[in-house]
Amino acid sequence: MSNYKLPDLKYDYGDLEPVITAEMLKIHHDKHHRAYVVKLNEALEKYHEAEKKKDAEKMIELQSAIKFNGGGHINHSIFWQILAPIKNGGGDLKKEYLIYKAIENDFGSFEKFQELLSNKSTLVQGSGWGWLGFSRQNKSLVIHTCQNHDLLSARGIFPIFCIDVWEHAYYLKYKNARAEFIKEIWKILNWQEIESRYKKIIT
Ligand code: MN3
């Protein structure tokens, strides 16, 4: 019996304005993310039934729905956590943070990193995500992009923070201007949370 749940947000729908409007956030969280959770639970239930019946064909058929909706649930759960209202410190990157020092170290400067991640995220073809991750193998920060809801962790990279570049993430306010949305999202990044995710992985 699978029972994944839609996580509550630590802020109200209107709290990420003006970057993300209340309407955008409500639809994104309560409609899109909720649908991934519902469909993940449905697919897993069918999968367990097929497993009991030893129906390998059915099990394989269900894998893409599990991957897609499960990835949607996992990636959005990270996304909501790494955002914060401006009034609660959104966008406030402190220079004493280890993540700030690591970014400077691995990318030359914060500005270079910001430009690189913004450009790569803008250029994702179709739907996907831009990521800052940590490679345990190379002991360094890495920028990645994923298609659809593919997981960064499936590449052996620990996800530190992400930018949702699906059209549903920005269309209501920014229309087709994905680059504009990405430019604005930096104002609501929860660097305190990002710092704590980074510390967890390096210790
Ligand atoms: Mn989304």
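Long-range contacts dominate the tally in this predicted model: of the contacts in the chain with a separation of 6 or more, 69% come from residues 24 or more positions apart (contact means heavy atoms within 4.5 Å). Residues are numbered from 1 along each chain as its sequence is written. Since this is a predicted model, local features need pLDDT of at least 70 and side-chain atom pairs count only at pLDDT 80 or more, while totals for chains, interfaces and linings use all residues; side-chain values use heavy atoms, with hydrogens and water left out.

**Overall layout**

The chain has seven helices and three strands, where helices (H or I, at least four residues) and strands (E, at least two) are DSSP runs numbered from the N terminus. Read from the N terminus, the order is α-α-α-α-β-β-β-α-α-α. The radius of gyration, taken over C-alpha atoms, is 18 Å, and the globule rule (2.2 Å times the number of residues to the power 0.38) gives 17 Å for 203 residues, so the chain is as compact as a globular protein of that length. As for cover, 49% of the 203 residues are buried, meaning under 20% relative accessible area with a 1.4 Å probe, protein chains only.

**The three strands**

Strand S1 spans residues 128–135. Eight of its eight residues are buried, so S1 is largely enclosed by the rest of the structure. In a regular strand the side chains alternate between the two faces of the sheet. Here, Gly128, Gly130, Leu132 and Phe134 point one way from S1, and Trp129, Trp131, Gly133 and Ser135 point the other way.

S1 pairs with both S2 and S3; strands count as paired if DSSP finds at least two bridges between them.

| Partner of S1 | Residues | Bridges | Sense |
|---|---|---|---|
| S2 | 140–147 | eight | antiparallel |
| S3 | 157–164 | seven | antiparallel |

Phenylalanine 134 has a partner on either strand: leucine 141 stands opposite in S2, and phenylalanine 158 is the bridge partner in S3. Leucine 132, for its part, faces phenylalanine 161 in S3. S3 is mostly covered too, with seven of its eight residues buried. Between S1 and S2, the hairpin has four residues, and lysine 139 there takes a positive phi near 50 degrees.

**A buried loop residue**

Asparagine 190 sits in the loop between helix H6 (178–185) and helix H7 (191–202). Why does asparagine 190 count as buried? Because its relative accessibility is 14%. Leaving aside residues up to four places away in sequence, asparagine 190 touches Gln81, Ile82, Leu83 and Ala84.

Terms used: Buried < 20%, exposed > 50% of the residue type's maximum accessible area, 1.4 Å probe, protein only.
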